[in-house]
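Colleague: I've just opened this one and I'm new to it. Could you walk me through how to read it?

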Amino acid sequence: METMMRDQKLWTWHLMAGLVILVLLGLHMGIMHLDALLGIFNPADGHAIDWENVSARARSLGFAVSYILLLGAALFHGFYGLRNILFELGLEPAARRLASRSLLVLGIILFIFGTWAAWTSHQLASSV
């Protein structure tokens, strides 16, 4: 019963992570590819990938936080989905534990690295 409750909570988090991805990735796609409509995020005019616009977004704390949130949601959503696919293969309990722990450790490492990269780019852009 306890395992079922935990799986239900993880599945709920999986769905919420999907919604976060939908919103933040949708915003990202709009900013990067619909710059004619969402030009307010590109203060230097021109294209979204022009250095002045990239630098302006990097200085924004809101963008740094949104990148970190998107990273966390994407890692959880992807690795939990991969874990469920692996479990459907009929793994033995020991292999399930190994898969769960390996994905957790890899996810934490990638989250730390990605958070460091987003925060460092924000700090560097803010110092210029």
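Modeller: Sure. Let's begin with what a helix is here: a DSSP run of H or I with at least four residues, numbered from the N terminus. Gly107, for instance, sits in helix 4. Keep in mind that this is a predicted model.

Colleague: Okay, is Gly107 buried or exposed?

Modeller: The idea is to look at relative accessible area, where under 20% means buried. Gly107 is at 12%, so it counts as buried.

Colleague: And which residues does Gly107 touch, if I skip its neighbours within four places in sequence?

Modeller: Gly107 is in contact with Leu75 and Phe79. As for Leu70, that residue is 37 places from Gly107 in sequence, and their C-alpha atoms are 13 Å apart.

Colleague: Let's turn to helix 3. How many residues does helix 3 have, and how far does it reach?

Modeller: Helix 3 has 27 residues. From first C-alpha to last it spans 39 Å, close to the 39 Å expected at 1.5 Å a residue. At its N-terminal end, Ser60 acts as a cap, with a side-chain oxygen 3.3 Å from the backbone nitrogen of Gly62.

Colleague: Which residues of helix 3 are buried?

Modeller: A general point helps: an α-helix has 3.6 residues a turn, so residues three or four places apart point the same way. In helix 3 the buried ones include Leu75, Phe79 and Arg83. Phe63, Ala64 and Ile68 are also among them.

Colleague: What do the buried residues of helix 3 pack against?

Modeller: They pack against helix 1 (2–33), helix 2 (51–59) and helix 4 (93–127).

Colleague: Now the outside. Which residues make the nonpolar surface patch?

Modeller: Val20, Leu61, Val65, Leu69 and Trp119 make it, and it covers about 430 Å². Helix 3 gives the most to the patch, with three residues.

Colleague: Why can Val65 be part of a surface patch?

Modeller: Patch residues need over 30% relative accessible area. Val65, which is in helix 3, has 40%, so it passes that cut-off and counts as partly exposed.

Colleague: Last one: how many salt bridges are there?

Modeller: Look for a side-chain nitrogen of Lys or Arg within 4 Å of a carboxyl oxygen of Asp or Glu. By that rule the count is one. Asp7 pairs with Arg6, and their closest N and O atoms are 3.9 Å apart. Both partners are partly exposed: Asp7 has 28% relative accessibility, while Arg6 has 45%.

Methods:
Residues are numbered from 1 along each chain as its sequence is written. This is a predicted model: local features need pLDDT of at least 70, side-chain atom pairs count only at pLDDT 80 or more; totals for chains, interfaces and linings use all residues. Side-chain values use heavy atoms; hydrogens and water are left out. Patches are made of residues with over 30% relative accessible area and no salt bridge: like charges are joined within 9 Å, nonpolar side chains (Val, Leu, Ile, Met, Phe, Trp, Tyr) within 5 Å. Accessible areas come from the Shrake-Rupley method with a 1.4 Å probe; for residues, only the protein chains shown count as cover. Helices (H or I, at least four residues) and strands (E, at least two) are DSSP runs, numbered from the N terminus. Buried means under 20% relative accessible area, exposed over 50%, partly exposed in between (1.4 Å probe, protein chains only). The expected span of a helix is 1.5 Å times one less than its number of residues. Contact means heavy atoms within 4.5 Å. A polar contact is a pair of N or O atoms within 3.5 Å; within protein, one must be able to donate a hydrogen and the other to accept it, and residues adjacent in sequence count only if both atoms are side-chain atoms.
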